[in-house]
Amino acid sequence: MKIGLLTYHKSYNCGAVLQTYATCRLLKELGHEVELIDLRQPEPIKLRQLIFIPRFIKFHRFCKKFYPSLTRHYKTVEELRKAKLDYDCLLVGSDQTWNPLISREQCLAYFLDFGGDQVRRVSFASSFGVNMWPESHKELLPAIDKLLHRFSGISVREVTGQNILKQQFSLDSSLVLDPTMLHSSYAEITSSITPNHRIVCYLLNRNDCQLDMARYLSYKMGIPARMIFNGYPLRGFEYCYPPAIKGWIEQIGGAEVVVTDSFHGLVFSLLYHRQFAVIPIANGLSSRLLDLLDLVGLEDHVFTSQEELEKNMEVVQRPIDYERVDGILAIYRERSIDFLRNVLK
């Protein structure tokens, strides 16, 4: 089957690029031909980001090496709607492709409002990224409802997403894993993972509370903390120039402990059997992390204050039963692949 995949493929975010790669890899393994639909979310480079140019170059090299072919670049949604597409199936997902706060004026495109009526439409592991549909985008709901009822199969990666689909659109959906969790190894990307004996901090927000909690953890465990997502040094952290894909996986995979507020930071902590602490911020955007932790029975690894961390230090230090976690993931991995295999027959 020839599949056109629409997702957040053009990004300098490790999670976005890896989920794109993982989805394409799985589709190929299932015997399908896949092409990336080149509609992009704007990510303008600001003057203060010039320090990251070497990192951006590595992202481009990774995409060139590991991505399948791309369509021509569609500068607007209107261009995409007018295009003559030759696909058996249009597939959207994963990542927060259904979060209107990210997709903005391109929102309806991620509900596949383009292509002919005869083409099959499928959602694979799409995420809303929020625990309820934003009030600011309620005017889109009637159009989205109509579009979703054209889909041949709908799957999401979080229970929260299932709830939104049921409450807002009266639609049932399948729960699947994020595509990055459908592959047990990324040896084709990384060299061998070497332990770095560090508390590796991958914090997207890096507010004062998160930084203080990471410093406290470093002090109590007697292990240096290393920040891997900051352009300049921070007090109490080893400086590490923000890595691209390969280095990012190796940093997390070799960590003694991972401290993160990122969904894919959590995903790769689980895949590489790391001890970890999730420190979310109270902005309503952490439901995807909480749903995943609930799925694998590790919801006690969430800490919302330093007081809570101090009282539960043994949770961070207690070895995680990854045999049990792997067993749970194996069940959902099989279900996820079965969903895709069946809907693409």
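In this predicted model, R157 lies over the face of F263, at a distance of 3.9 Å from the ring centre. A second contact of this kind involves R335 and Y332: the charged end of R335 sits over the ring of Y332, 4.9 Å from the centre of that ring.

Contacts between aromatic rings were examined next. A search of the whole structure finds 20 aromatic pairs. One of these is formed by W248 and F268. The two rings are arranged edge-to-face, with 5.2 Å from centre to centre and 75° between the planes. W248 belongs to helix α8, which covers residues 245–253, while F268 belongs to helix α9, which covers residues 263–271, so the pair ties together parts that are 20 residues apart in sequence. Both residues of the pair are buried: W248 is buried, and F268 is buried as well. The pair is also part of a wider arrangement, since ring pairs link W248 and F268 with Y21, F62, F66, Y186, Y202, F229 and Y272 into a cluster.

One residue of this cluster, F62, also appears at the second largest pocket, where F62 is among the lining residues that lie nearest the centre. The others named there are K58, A244, I245 and K246. This pocket holds about 280 Å³ of space and is lined by 16 residues in total. The elements that give two or more residues to its lining are α2, which spans residues 53–66, and α8. Of the elements, α2 gives the most, with 7 residues. By class, the lining of the second largest pocket consists of 9 nonpolar, 1 polar and 6 charged residues. Helix α8 thus recurs in the description: W248 of the edge-to-face pair lies in α8, and α8 gives two or more residues to the lining of the second largest pocket.

Enclosed space was considered separately. A search of the whole structure finds 3 cavities with a volume of 30 Å³ or more. The largest cavity has a volume of about 40 Å³. Its lining is made up of L85, Y87, L90, G115, G116, Q118 and V119. Sorted by class, the lining of the largest cavity has 4 nonpolar and 3 polar residues. Charged residues are absent from the lining of the largest cavity, whereas the lining of the second largest pocket has 6 of them.

How values were computed
Residues are numbered from 1 along each chain as its sequence is written. This is a predicted model: local features need pLDDT of at least 70, side-chain atom pairs count only at pLDDT 80 or more; totals for chains, interfaces and linings use all residues. Side-chain values use heavy atoms; hydrogens and water are left out. Rings of Phe, Tyr and Trp (its six-membered ring) pair if their centres lie within 6.5 Å; planes under 30 degrees apart count as stacked, over 60 as edge-to-face and the rest as tilted. Helices (H or I, at least four residues) and strands (E, at least two) are DSSP runs, numbered from the N terminus. Buried means under 20% relative accessible area, exposed over 50%, partly exposed in between (1.4 Å probe, protein chains only). A charge sits over a ring if NZ of Lys or CZ of Arg is within 6 Å of the ring centre and within 35 degrees of the ring normal. On a 1 Å grid over the protein atoms alone, a cavity is a set of points where a 1.4 Å probe fits but cannot get out, and a pocket is an open set with protein on both sides within 12 Å along at least five of seven lines; lining residues have an atom within 4 Å of a point. Grid points are joined across faces, edges and corners, and a volume is the space filled by probe spheres set on the points. Ala, Val, Leu, Ile, Met, Phe, Trp, Tyr, Cys and Pro count as nonpolar, Asp, Glu, Lys and Arg as charged, and the others, Gly among them, as polar.
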